[in-house]
Amino acid sequence: MEQFDYIVVGAGSAGCVLANRLSEDPGARVLLLEAGGSDRRWDVRIPLAVSKLWPNPALTWGFLSEPEPELDGRRLPVARGRMLGGTSSLNGMMAIRGHRADYDGWRDEGLPGWGWDDVLPWFRKLERHWRGDTRLHGGSGPLSVEPHPAPSALMANAVEAARALGYPITQDFNGETTDGFGMPDFTIRNGRRCSAADAYLRPALARPNLAVRTGAIATGVLVREGRAVGIAYRRDGASVEVAATREVILAGGAINSPQLLMFSGIGPAEHLRSHGIDVVAESAEVGANLQDHPGAGMEFDLDPALAFERELRFDRLASSFLRWLLRGKGVMGAPPLAISANIATKPGSSEVDLHFLLIPLAMESRVWFPGVRRAFGARMGAMWSLNYPRSRGNLTLASADPLDHPRIRFNLLSDPEDRAEMLRGYRSLRALLAQPALASVLGPIRRPVADFASDEEVMAYIRATAATAYHPSGTCRMGSDARAVVDGELRVRGVERLRVADASIFPRLPGGNTNLPVIMVAERAADFVRKAHGR
């Protein structure tokens, strides 16, 4: 059997980090397995094209949730990247860490070493920030973090409206204060997407001790006498087994990692036996604790002078593409965004409970040209989501076939407090949009088709339209208690030499985007692994 010191499963945000950091040791042989293929595509490179990536079956796993009881039985898409870079190759590129309280909460729940002061050095280590090396930012890390290259003129109106309601304004969502209204930074380098594959994997590819295999679907962890000794995978129709002499690290994300553990006999014993899978290590919470940020949105007519629609006229877009291609500048270099916000709206609480986004176009907007194809119309999208949902879902196997998609149940809005917060989010966002600075540039509401008179009508709209922010997490929960799937050093309980390092280990969702937190976790995981083996 072919042997490596370390096998990393999944070349997404975490896997690319692990492949880089573990192969820095020239004496360590590292294998990185990825089910998808290359990320070398124009639509991946161009930040403006982001909304075209999520539904592309060539780049994603095509996961769907089970019918959601609180969302009119709808099945939700679960966009997970299936290519080098994983979801970092198709995400919205917002460089958000979350808040101090998020990580202090992990620490206070029994995870020493995971508080804000503990994780900040790792956040600094991962980034090459445009502000340079400061107390809060890193200036020489692998991941490029840059400001939005072409902020919308609508931002000024949104800032004025936020100030009118007494909300804070921030210049840096990863700065001294992480709440307020402002423009986030993005994981972009010279106008191109900077994925984990760009930042971490490509600089390591020339190392002779790193092997990367794409089109390799992991089917199980090989466990002998309570110890992970390798991985089984399928590639080009053949079944292959490879040995790991030191460790196996799963980095497939909150869907694939718990699924692979269960296929390997690690999970809820009764559920595994129901599919004819021998139990290697009982771990009741594998696949449990599934979380995501639920949200919904509205659309309004917008003053054409402020709408992004004008930039989508074919001749202007072609000119913008040439400018981007030659200089990495202009509107092609980032998703269109008017403003982002993380705010506290709960009476008597400082918890930053809501997230807002204003986008100066409709999701249905398209390339147009007079006399050939009509413009969709000048619109503004207004979205809100919950930073700290209380509802929990789960992930289970559909069968014993590793190629079958798992059953994903978010149970979004199953907790009544989440439903109350979604109502409050809608009312808070409408109050913002009613301020003169925004009301003066907005026209009639287009989605929903009319204003609502009652909470019941609002809730019916939410049930019919709500979705997730594509931040699934928590299904291999990290904790100090016996039921946690992994411990504070990401070791799988019940199986030696096996770790999980991705969003599945989050005990609770951070109040923001998940890409930077995942990369931070992977940086720490690589350090844990090296120290465990005296490296």
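## A walk from the whole fold to its ring pairs

Start zoomed out: with 535 residues, a compact globule would have a radius of gyration near 24 Å, and the protein comes in at 23 Å, which agrees. Keep in mind that this is a predicted model. Show the C-alpha atoms alone and they fill a box of roughly 70 × 50 × 50 Å along the principal axes.

Now switch to cartoon, and you have 13 helices and 24 strands to look through. Turn on contacts with a separation of 6 or more: 70% of them join residues 24 or more positions apart. Colour by burial and 61% of the 535 residues count as buried. Put a surface on, and about 20200 Å² is accessible, with 51% of that belonging to carbon and sulfur atoms. Select the charges next: 64 positive and 61 negative side chains, the centres of the two sets lying 6 Å apart.

On to the rings, where the count is 17 aromatic pairs. Pick Trp-61 and Phe-63, a stacked pair at 5.6 Å centre to centre with 5 degrees between the planes. Both Trp-61 and Phe-63 are buried.

Then jump to Tyr-426 and Phe-452: their planes sit at 50 degrees and their centres 6.0 Å apart, so this pair is tilted. Tyr-426 belongs to helix α10 (residues 416–433), while Phe-452, 26 residues away, is in the loop between β22 (442–447) and α12 (455–465). Check the burial too: Tyr-426 is buried at 2% relative accessible area, whereas Phe-452, at 21%, counts as partly exposed.

Last stop: select Tyr-103, Trp-106, Trp-114, Trp-116, Phe-123, Phe-506 and Phe-528, which ring pairs link into a cluster.

Technical notes. Residues numbered from 1 in each chain as written. Predicted model: local features only at pLDDT ≥ 70, side-chain atom pairs only at ≥ 80, totals over all residues. Heavy atoms only, no water. Helix = DSSP H or I, 4+ residues; strand = E, 2+ residues; numbered from the N terminus. Rg over C-alpha atoms; globule rule 2.2 N^0.38 Å. Buried < 20%, exposed > 50% of the residue type's maximum accessible area, 1.4 Å probe, protein only. Contact = heavy atoms within 4.5 Å. Areas by Shrake-Rupley, 256 points an atom, 1.4 Å probe, with all protein chains shown as cover. Lys, Arg positive; Asp, Glu negative; His and termini not counted. Charge placed at Lys NZ, Arg CZ, Asp CG, Glu CD. Phe/Tyr/Trp six-rings, centres within 6.5 Å; stacked < 30°, edge-to-face > 60°.
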